[in-house]
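Visitor: Got a minute to walk me through a structure? I'd like to pick at the details as we go.

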Amino acid sequence: MERVKLGCGFGSPVLMVVVLAVVLMTVVVPEVSATRWTVGAHMGWTTNVNYTIWAKDKHFYNGDWLFFVYDRNQMNVLEVNKTDYESCNSDHPLHNWTRGAGRDVVPLNVTRNYYFISGKGFCYGGMKVAVHVENPPPPPTAAPLNEKSGSPSFNLRGQYVLPAILATGALWDAFVHFW
Ligand SMILES: *[C@@H]1O[C@H](CO)[C@@H](O)[C@H](O)[C@H]1NC(C)=O
Ligand SMILES: *[C@@H]1O[C@H](CO)[C@@H](O)[C@H](O)[C@H]1NC(C)=O
Ligand SMILES: *[C@@H]1O[C@H](CO)[C@@H](O)[C@H](O)[C@H]1NC(C)=O
Ligand SMILES: *[C@@H]1O[C@H](CO)[C@@H](O)[C@H](O)[C@H]1NC(C)=O
């Protein structure tokens with residue numbers, strides 16, 4: 001019965017695709033505003049990179065991620081406190097982010113300073129990075145021409161994406177059953 005209805009009128013697959021596209025557009029906007037930073041950019045997490053310079057001109061916002069790409073046989077990713085960052089002490093990390101593949105993602109989900117070093121002696125050669133995580137800036141107040149500002153979800157960040165996706169699923173379900 002439902003299958004017959006799907007083929008014509010308001011239940012047509014084309015309309016569904018359009019509706020889904022519209023819903024997805026409002027969902028995708030917040031996702032792109034959170035950033036996954038590859039530490040050291042194309043150099044990755046390695047020796048001979050000055051990560052102070054890498055981090056200097058960047059703004060890290062709550063909801064962003066750091067992505068460490070490195071030689072899993074040599075280096076690692078340890079979160080430490082300020083003292084241990086400065087002294088390259090890897091004896092009591094706050095968090096060991098090393099997962100074994102040489103590709104570790106670290107969520108920056110608290111507004112504070114984060115300190116990371118590589119153990120195994122590499123910190124002494126400069127494999128250390130400190131980032132200051134701040135709250136995302138408020139949405140632009142006077143930007144009538146910015147079409148994004150019309151969307152209520154503009155300033156939402158990564159943590160809202162999952163609920164939004166679930167909501168999309170529920171909408172989709174409701175839509176299919178309604179028609
Ligand atoms: C960092 O941890 C070490 C060892 O646990 C401690 O001695 C030091 O005071 C801590 N530093 C800060 C800034 O919390
Ligand atoms: C960090 O965790 C990895 C994977 O569990 C482990 O192999 C490694 O020994 C740990 N390193 C430190 C310094 O705790
Ligand atoms: C931040 O992320 C870590 C690791 O996923 C998690 O353990 C922690 O509960 C999160 N903190 C907040 C405030 O969301
Ligand atoms: C990285 O660059 C900063 C700023 O130029 C400098 O102060 C610092 O000593 C450098 N760090 C290393 C490990 O070379």
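Guide: Sure, here is a predicted model, and we can take your questions in whatever order they come.

Visitor: What's the overall make-up, in helices and strands?

Guide: The protein has 5 helices and 8 strands. Going along the sequence, the pattern is α-α-β-α-β-β-β-α-β-β-β-β-α.

Visitor: And how confident is the predictor?

Guide: The average pLDDT is 78, and 61% of the residues score at least 70. Residues 1-9 fall below 50, and that stretch has 4 contacts in the model beyond near neighbours in sequence. Residues 146-156 are also below 50, with 17 such contacts. Where pLDDT is low, the predicted coordinates shouldn't be read in detail.

Visitor: Fine. Which strands make up the open sheet, and in what order?

Guide: That sheet has 5 strands, in the order E2-E8-E7-E4-E5, and the pairing is mixed. Its edge strands are E2 (60-61) and E5 (95-96), each pairing on one side only.

Visitor: How do E7 and E8 pair?

Guide: They are antiparallel, over 5 bridges. One pair you can look up there is Tyr114, whose bridge partner in E8 is Val131.

Visitor: Now E3. Which strands does E3 pair with, and in which sense?

Guide: E3 pairs with E1 in the parallel sense, over 3 bridges. E3 also runs antiparallel to E6, with 6 bridges joining the two. For landmarks, Arg36 stands opposite Trp65 in E3, and Asp64 has Leu108 as its bridge partner in E6.

Visitor: Which side chains of E3 are buried?

Guide: Asp64, Leu66 and Phe68 point to one face and are buried. Trp65, Phe67 and Val69 point to the other face and are not buried. In a regular strand, side chains alternate between the two faces of the sheet.

Visitor: Phe68 caught my eye. Which residues touch the most other members of the largest nonpolar core?

Guide: Phe68 is one of them, along with Trp45, Ile117 and Met127, in a core of 19 residues. The elements giving two or more residues to this core are strands E3 (64-69), E4 (78-80), E6 (103-108), E7 (113-117) and E8 (128-134).

Visitor: What does Met127 touch?

Guide: Leaving out residues up to four places away in sequence, Met127 touches Trp45, Thr47, Met75, Ile117, Ser118 and Phe122. Trp45 and Ile117 were also in that list of core residues with the most contacts to other members.

Visitor: How much of the protein is buried?

Guide: Buried residues make up 18% of the 179 residues. As for contacts between residues at least 6 apart in sequence, 71% join residues at least 24 apart.

Visitor: Switching to the loops. Where is Gln74, and how far is Gln74 from Gly119?

Guide: Gln74 lies in the loop between E3 and E4. Gln74 and Gly119 are 45 residues apart in sequence, and their C-alpha atoms are 9.2 Å apart in space.

Visitor: Why does Gln74 count as partly exposed?

Guide: Because Gln74 has 13 other C-beta atoms within 10 Å, and the exposed class stops at 12 or fewer while the buried class starts at 20 or more.

Visitor: Any odd backbone angles? Which residue has a phi near 65 degrees?

Guide: That's Asn48, a positive value in a residue other than glycine. Asn48 is in the loop between strand E1 (36-38) and helix H3 (51-56). Asn48 counts as exposed because it has 9 C-beta neighbours inside 10 Å. Lys120 also has a positive phi, of about 55 degrees, and is not a glycine either. Lys120 sits in the loop between E7 and E8 and is exposed, with 11 other C-beta atoms within 10 Å. Most residues other than glycine have a negative phi.

Visitor: Last topic, the ligands. What surrounds ligand 1?

Guide: Asn81, Lys82, Thr83, Asp84 and His92 surround ligand 1. By class, that shell has no nonpolar, 3 polar and 2 charged residues.

Visitor: And which residues are around ligand 4?

Guide: Those are Asn50, Thr52, Ile53 and Gly126. The shell of ligand 4 counts 1 nonpolar, 3 polar and no charged residues.

Terms used:
Residues are numbered from 1 along each chain as its sequence is written. Chains are lettered from A and ligands numbered from 1 in the order in which they are written. This is a predicted model: local features need pLDDT of at least 70, side-chain atom pairs count only at pLDDT 80 or more; totals for chains, interfaces and linings use all residues. A nonpolar core is a set of buried Ala, Val, Leu, Ile, Met, Phe, Trp, Tyr and Cys residues joined through C-beta atoms within 7 Å. Helices (H or I, at least four residues) and strands (E, at least two) are DSSP runs, numbered from the N terminus. Two residues are in contact if their C-beta atoms, placed from the backbone, lie within 7 Å. A residue is near a molecule or strand if its C-beta atom, placed from the backbone, lies within 6 Å of it. Ala, Val, Leu, Ile, Met, Phe, Trp, Tyr, Cys and Pro count as nonpolar, Asp, Glu, Lys and Arg as charged, and the others, Gly among them, as polar. Two strands pair if DSSP finds at least two bridges between them. pLDDT is the predictor's confidence in each residue, from 0 to 100.
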